[in-house]
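Trainee: Could we go through this model together? I would like to understand the reasons behind the labels.

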Amino acid sequence: MPITVKEVVEAAARLVGSTANLEDESSEEVLLLVRCFNFVENEVALDYFPLKRTEEVAVSDKMEYAALSSAPVHILRVTDPYGCALAFEAFPAYLDLKGYAGSANVTYAYAPAAKRLGENSDFAGAVSARLLAYGTATEYLLACGRLAEATVYDEKYREAIRAAGQTRRPLAMRSRRWI
């Protein structure tokens with residue numbers, strides 16, 4: 001189930017004690033909360049949990065990044081239609097595919113686009129609405145100059161990031177051996 005921006009902003013507003021009317025999307029307080037959400041979503045995507053996408057594109061020696069649906073931050077892999085890795089060199093505006101022409105599958109990490117209140121976050125799974133709400137609350141409190149409170153929520157935000165990054169292994173007991 002996708003996380004909505006409104007869900008995160010509502011939770012952050014409750015955390016900081018804001019009485020912002022979320023029905024008025026043009027109010028300064030709501031706009032600030034949404035800006036804080038966008039900042040946090042971008043930070044989480046670029047620093048902790050990369051958003052990855054694979055797209056099939058037609059290439060002819062070079063592939064412009066504009067051919068992809070999102071702006072890539074890091075190209076992870078390029079393969080031909082059969083799954084064989086292709087050699088490439090990344091440049092600021094394009095990929096040089098060393099003479100390859102045809103269809104290619106490009107796997108890349110991307111930065112999320114700025115969202116508005118009625119849209120969905122690009123995250124699902126390990127990144128929860130609570131994690132994003134803690135980060136949004138931290139940024140909001142910093143923007144308002146409430147540094148002591150921001151420190152408390154920043155600690156909760158960092159702890160939620162650590163908890164989301166831990167892999168959960170099933171517990172296993174070693175078999176007993178008789179001598």
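Mentor: Happy to; we will take the cysteines, then a pair of helices, then one glycine. Keep in mind that this is a predicted model.

Trainee: How do you know that Cys36 is in no disulfide?

Mentor: A disulfide needs two cysteine sulfur atoms within 2.5 Å. For Cys36 the nearest cysteine sulfur belongs to Cys144 and is 7.6 Å away, so Cys36 is not paired. The structure as a whole holds zero disulfides.

Trainee: Why is Cys36 called buried, and why is Cys84 called partly exposed?

Mentor: Buried means under 20% relative accessible area, and exposed means over 50%. Cys36 has 6%, so it counts as buried. Cys84 has 45%, which lies between the two cut-offs, so Cys84 counts as partly exposed.

Trainee: What makes H3 roughly antiparallel to H4?

Mentor: The axes of H3 (residues 129–143) and H4 (residues 147–165) cross at roughly 155°. Angles over 145 degrees count as roughly antiparallel, so the label fits H3 and H4. Their axes come within 8 Å, and the crossing is left-handed.

Trainee: Which kinds of residues make up the contact of H3 with H4?

Mentor: Twelve are nonpolar, two are polar and four are charged. Among them are Leu131, Tyr134 and Gly135 in H3, and Tyr153, Asp154 and Tyr157 in H4.

Trainee: Why does Gly135 count as buried?

Mentor: Its relative accessibility is 1%, and the cut-off is under 20%, so Gly135 counts as buried. Gly135 lies in helix H3 and touches Val40 and Tyr157, leaving aside residues up to four places away in sequence.

Key: Residues are numbered from 1 along each chain as its sequence is written. This is a predicted model: local features need pLDDT of at least 70, side-chain atom pairs count only at pLDDT 80 or more; totals for chains, interfaces and linings use all residues. Side-chain values use heavy atoms; hydrogens and water are left out. Buried means under 20% relative accessible area, exposed over 50%, partly exposed in between (1.4 Å probe, protein chains only). Axes are lines fitted to C-alpha atoms, for helices over the stretch in contact, and angles run from 0 to 180 degrees between N-to-C directions. Helices (H or I, at least four residues) and strands (E, at least two) are DSSP runs, numbered from the N terminus. Angles under 35 degrees count as roughly parallel, over 145 as roughly antiparallel, 65 to 115 as roughly perpendicular and the rest as oblique. A crossing is left-handed if the near helix is turned anticlockwise from the far one by less than a right angle, and right-handed if clockwise. Contact means heavy atoms within 4.5 Å. Ala, Val, Leu, Ile, Met, Phe, Trp, Tyr, Cys and Pro count as nonpolar, Asp, Glu, Lys and Arg as charged, and the others, Gly among them, as polar.
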